[in-house]
Amino acid sequence: MEFLDLPGCSVARGTVRLPGSKSISNRVLLLAALADGVTEVHDLLDSDDTRHMLAALRALGVGVEDCGNHHWRISGMGSAFPVKRTELFLGNAGTAFRPLTAALAFCGGDYVLKGVARMHERPIGDLIDALKQLGAQIDYLGKPGFPPLHIHPATPAGDCAQVRGNVSSQFLTGLLMALPLRQKATTVEVVGELISKPYIGITLAMLRRFGVAVAQDGWASFTVAADARYRSPGEIHVEGDASSASYFLAAGAIGGGPVRVEGVGQDSVQGDVRFADALALMGAQITMGPNWIEARSPKEGRLKAIDLDCNHIPDAAMTLAVVALFADGVTTLRNIASWRVKETDRIAAMATELRKVGATVEEGADFIRITPPETLIPNAIIDTYDDHRMAMCLSLVTLGGVPVRINDPACVNKTFPAYFKVLAEIAQ
């Protein structure tokens with residue numbers, strides 16, 4: 001569909017079973033492919049991003065079997081991929097493109113990696129610079145610092161690399177996942193502040209599940225031993241997607257609730273579960289169990305504006321920008337520079353779309369400030385910029401009782417193909 005018209009509503013309540021985490025799904029698929037042994041992967045996310053990763057693994061010679069009901073069997077290689085020459089198309093899947101670039105750099109083959117036009121606008125130079133310090137031989141096929149890429153067999157090199165930490169945590173994730181392929185002790189040093197630390201926490205947790213322990217000096221350096229090898233854990237269950245949970249928890253906070261999400265909770269390895277803490281700061285009633293979170297509106301009055309450093313929840317923080325429409329006061333979300341290098345420039349895009357519904361918005365290099373309107377403007381036509389999170393976030397405007405039109409609703413297929421169907425089941 002070119003667009004989807006959503007009716008205005010005022011109440012949200014119900015229970016949502018979350019799809020698998022995109023971040024965990026693609027990490028698990030790559031690690032299972034590189035590990036020794038067969039891995040049964042349960043609750044894998046079915047989305048554009050995971051399909052790109054699965055297609056890439058097949059093209060690289062990995063045994064990939066769909067067992068049905070989100071259960072996949074991955075026959076690991078125990079080392080580098082057997083296919084040494086191929087071209088891969090990875091769409092706009094950063095969680096596939098960045099880690100695969102790093103892994104393929106040390107697989108001794110000749111590979112071309114391409115994506116959609118937006119993927120070719122997303123910076124990757126910091127990752128390539130770090131890989132080259134470790135002997136990688138990678139050429140840019142277009143603009144320097146950006147995909148597409150041509151990877152050649154690596155040459156012998158040193159045992160230490162530096163990478164900037166303030167552009168994308170996916171660069172460090174890619175490096176850490178690739179280092180066991182070098183079969184020599186290697187250290188990665190982070191230059192400057194490391195953003196999105198919880199996503200590195202996910203990476204380290206998944207490495208441990210596959211038998212690789214990374215030595216850390218805080219968040220400043222990470223060392224992988226020479227004898228590090230990936231070993232299948234036999235089976236692994238993918239957590240629900242905590243970033244996707246944010247839309248439904250926000251719906252509960254705005255629309256009365258209770259809305260319960262199942263699949264993430266206080267035992268989650270995903271940092272985005274802390275979105276619930278941000279809602280609590282705004283006055284929402286939050287309860288949580290090991291594998292679920294529930295949100296309701298404040299006991300009295302409206303939600304309250306917040307001024308928050310969102311470095312720990314960069315994806316889920318987008319949802320707070322829409323929640324700000326329903327809060328008393330001016331909300332400021334800070335330390336979100338990474339928004340500008342995602343599927344679109346999310347700071348600029350969010351500012352543009354929030355203004356369409358009447359908000360006053362100020363944007364900076366690494367912040368956005370939102371003053372809600374007295375009355376939401378109905379029938380806004382929301383552009384989504386081929387960005388799944390823009391579509392899902394802005395759909396929550398309807399909880400103010402106003403209809404909106406979402407252009408290109410199919411962009412949610414990147415992480416949550418059934419999103420609008422699930423939202424309709426809880427919004428009344």
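**Exercise 1. Find how many cavities of 30 Å³ or more the whole structure holds, and size up the largest one.**

Solution. Searching the whole structure turns up three cavities of 30 Å³ or more. Keep in mind that we're working with a predicted model. The largest cavity encloses about 210 Å³ of space. It has 19 lining residues, and those closest to its centre are Lys22, Ser23, Thr95, Gln170 and Lys342.

**Exercise 2. Work out which helices and domains build the lining of the largest cavity, and what its chemical make-up is.**

Solution. Start with the helices: H1 (22-34), H3 (94-104), H5 (169-178) and H11 (388-394) each put at least two residues into the lining. Next, the domains: domain 1 (3-19 + 240-426) and domain 2 (22-224) each contribute at least three residues to it. Last, sort the lining by residue type, and you get nine charged, eight polar and two nonpolar residues.

**Exercise 3. Do the same for the second largest cavity.**

Solution. Its volume comes out at about 80 Å³. Among the residues lining the second largest cavity are Lys22, Ser23, Tyr199, Asp241, Asp315 and Arg389. On the helix side, H1 and H6 (197-209) each supply at least two lining residues. By type, the lining of this cavity splits into five charged, five polar and two nonpolar residues. Domain 1 and domain 2 each provide at least three of its lining residues.

**Exercise 4. Take the residues that UniProt lists under "binding site" and check which of them sit in the lining of the largest cavity.**

Solution. First, the record: an unreviewed UniProt entry gives Lys22, Gly94, Arg122, Gln170, Arg346, Arg389 and Lys414. Now compare with the lining of the largest cavity, which includes Lys22, Gly94, Arg122, Gln170, Arg346, Arg389 and Lys414.

**Exercise 5. Decide whether Gln170 is buried or exposed, and place it in its surroundings.**

Solution. Gln170 belongs to helix H5. Its relative accessibility is 14%, and the cut-off for buried is under 20%, so Gln170 counts as buried. Skip the neighbours within four places in sequence, and Gln170 is in contact with Gly94, Thr95 and Arg98.

**Exercise 6. Is Lys414 buried or exposed, and which residues does it touch?**

Solution. Locate it first: Lys414 is in the loop between strand S25 (404-407) and helix H12 (419-426). With a relative accessible area of 7%, again held against the cut-off of under 20%, Lys414 is therefore buried. Not counting residues up to four places away in sequence, Lys414 touches Lys22, Ser47, Asp48, Asp49, Asn92, Ala93, Gly94, Glu343 and His388.

Conventions. Residues are numbered from 1 along each chain as its sequence is written. This is a predicted model: local features need pLDDT of at least 70, side-chain atom pairs count only at pLDDT 80 or more; totals for chains, interfaces and linings use all residues. Side-chain values use heavy atoms; hydrogens and water are left out. On a 1 Å grid over the protein atoms alone, a cavity is a set of points where a 1.4 Å probe fits but cannot get out, and a pocket is an open set with protein on both sides within 12 Å along at least five of seven lines; lining residues have an atom within 4 Å of a point. Grid points are joined across faces, edges and corners, and a volume is the space filled by probe spheres set on the points. Helices (H or I, at least four residues) and strands (E, at least two) are DSSP runs, numbered from the N terminus. Ala, Val, Leu, Ile, Met, Phe, Trp, Tyr, Cys and Pro count as nonpolar, Asp, Glu, Lys and Arg as charged, and the others, Gly among them, as polar. Domain bounds come from an automatic or database domain assignment. UniProt positions are given in the numbering used here, feature names are shortened, and annotations may be inferred rather than shown by experiment. Buried means under 20% relative accessible area, exposed over 50%, partly exposed in between (1.4 Å probe, protein chains only). Contact means heavy atoms within 4.5 Å.
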